[in-house]
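Student: I am new to this structure and would like to work through it slowly, with the reasoning spelled out at each step. Could we begin by looking at it together?

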Amino acid sequence: MIGQAVALKSDVPFPPEVGDFYLPSIVPWGGLDSLWFTKITALVWVSTALILVFFLLAYRKPKLVPGKAQWIAESTYGFVRNNIAIEMLGARGVRFAPYLATLLLFIVFNNLWSIVPIAQISPNSHIAFPAFLALISYVLFNYVGIKKFGFRKYMRNSLIPPAPWFVLPILIPIEFFSTFLVRPFSLAVRLFANMFAGHMLLLVFTLGGFAMLQANTALAPISVLSWLMTIALTLLELLVIFLQAYVFTVLTASYIQGAVSEEH
């Protein structure tokens with residue numbers, strides 16, 4: 001009812017339709033309002049540029065005793081290398097550390113937009129970006145497994161668990177479904193769902209405060225409570241931003257470890 005009241009005042013269609021979730025294009029193409037360059041695309045490009053510029057500047061003049069920027073860059077990479085790559089993959093994890101560090105930073109920077117004023121949305125709240133990141137990790141762990149064992153042995157290791165022969169007809173389809181379908185799907189959906197849910201919660205409590213303020217004088221004091229909830233949820237979202245990036249990176253390392261391990 002509150003939303004309908006606000007909608008009537010502002011002549012905004014209520015409830016919103018599916019098309020309302022598609023952001024308008026920033027740059028029209030060929031006279032048409034296409035979706036090829038939206039706010040989401042711009043945020044991804046800015047995130048990528050910020051990561052590149054930061055590391056280029058941090059290592060422009062490396063010193064034995066690092067400055068603040070070099071220390072942050074080295075600490076970030078060292079955390080991923082030592083606590084994720086080497087911790088899960090052993091000495092061979094060093095070769096995957098650059099990818100895992102890039103993955104972690106890319107997700108963190110893009111997630112942070114969800115709590116930045118004016119931007120206020122993470123590119124990862126659109127399924128396309130988490131799906132593409134999951135696809136890259138999926139191709140990587142299958143590639144390294146096939147490269148190490150060969151296609152036939154890798155498939156045998158992945159699909160045939162050490163179990164009695166009479167249960168294999170049941171276990172093999174489960175292993176195939178789990179390894180080749182569930183893993184990329186769960187990687188993408190976990191990141192997308194958390195960032196989308198956080199975006200919607202912040203939106204609901206922020207706009208809900210304005211809606212209560214405009215719809216009814218008696219509800220005006222409650223609008224303050226709604227905005228206080230927005231602040232609390234923003235702090236929670238900050239935790240989710242780093243946690244989801246860490247979980248995505250750790251799971252990717254786990255899948256690589258499973259692909260190159262002799263024991264499945």
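Student: Are phenylalanine 141 and tyrosine 255 buried or exposed?
Tutor: Keep in mind that this is a predicted model, and that a residue counts as buried when its relative accessible area is under 20%. Phenylalanine 141 has a relative accessibility of 2%, and therefore falls in that class. Tyrosine 255 belongs there with phenylalanine 141, and the word that describes both residues is buried.

Student: What kind of aromatic pair do phenylalanine 141 and tyrosine 255 form?
Tutor: The two ring centres are 5.6 Å apart, and the planes of the rings stand at 55 degrees to each other. Planes under 30 degrees apart would count as stacked and planes over 60 as edge-to-face, so a pair that fits neither goes by the remaining name. The pair formed by phenylalanine 141 and tyrosine 255 is therefore tilted.

Student: How many residues apart in sequence are the parts that this pair of phenylalanine 141 and tyrosine 255 ties together?
Tutor: Phenylalanine 141 is part of helix H5, whereas tyrosine 255 is part of helix H8, which covers residues 220-260. Because the two rings sit in these two helices, their pairing ties together parts whose separation in sequence is 114 residues.

Student: Which residues do ring pairs link into a cluster with Phe141?
Tutor: One partner, Tyr255, has been met already through its tilted pair with phenylalanine 141. Another lies in helix H5 itself (residues 128-149), where tyrosine 138 is three residues from phenylalanine 141, about one turn of the helix. The residues that ring pairs join to Phe141 in the cluster are thus Tyr138 and Tyr255.

Student: Is tyrosine 138 buried or partly exposed?
Tutor: The cut-off that matters here is 20% relative accessible area, under which a residue counts as buried, while over 50% it would count as exposed. Tyrosine 138 has a relative accessibility of 22%, and so it counts as partly exposed.

Student: Which residue has its charged end over the ring of phenylalanine 141?
Tutor: The ring of phenylalanine 141, besides pairing with tyrosine 255, has a charged end placed over it, 5.6 Å from the ring centre. The residue that supplies this charged end is arginine 183.

Student: Which helix gives the largest share of the largest nonpolar core?
Tutor: This core has 40 residues, and Leu100, Ile107, Leu133, Val144, Tyr154, Phe248 and Ile256 are those with the most contacts inside it. Helices H2, H3, H4, H5, H6, H7 and H8 each supply at least two of its residues. The largest share amounts to ten residues, and the helix it comes from is H8.

Student: Which helices are included in what covers the buried residues of H6?
Tutor: The buried residues of H6 are Tyr154, Met155, Asn157, Ser158 and Leu159, and Tyr154 is among those with the most contacts inside the largest nonpolar core. What lies over these buried residues of H6 includes the helices H5, H7 and H8.

Student: At what angle do H3 and H8 pack?
Tutor: The meeting involves Phe79, Ile84, Met88 and Leu89 in H3, and in H8 a set of residues including Tyr246, Val250, Ile256 and Val260. H3 passes H8 in a right-handed crossing. With their axes 9 Å apart, the two helices pack at an angle of about 35 degrees.

Technical notes
Residues numbered from 1 in each chain as written. Predicted model: local features only at pLDDT ≥ 70, side-chain atom pairs only at ≥ 80, totals over all residues. Heavy atoms only, no water. Helix = DSSP H or I, 4+ residues; strand = E, 2+ residues; numbered from the N terminus. Buried < 20%, exposed > 50% of the residue type's maximum accessible area, 1.4 Å probe, protein only. Phe/Tyr/Trp six-rings, centres within 6.5 Å; stacked < 30°, edge-to-face > 60°. Lys NZ or Arg CZ within 6 Å of the ring centre and 35° of its normal. Core = buried A, V, L, I, M, F, W, Y, C linked by side-chain atoms within 4.5 Å. Contact = heavy atoms within 4.5 Å. Axes fitted to C-alpha atoms, helices over the stretch in contact; angles between N-to-C directions. Left-handed = near helix turned anticlockwise from the far one by under 90°.
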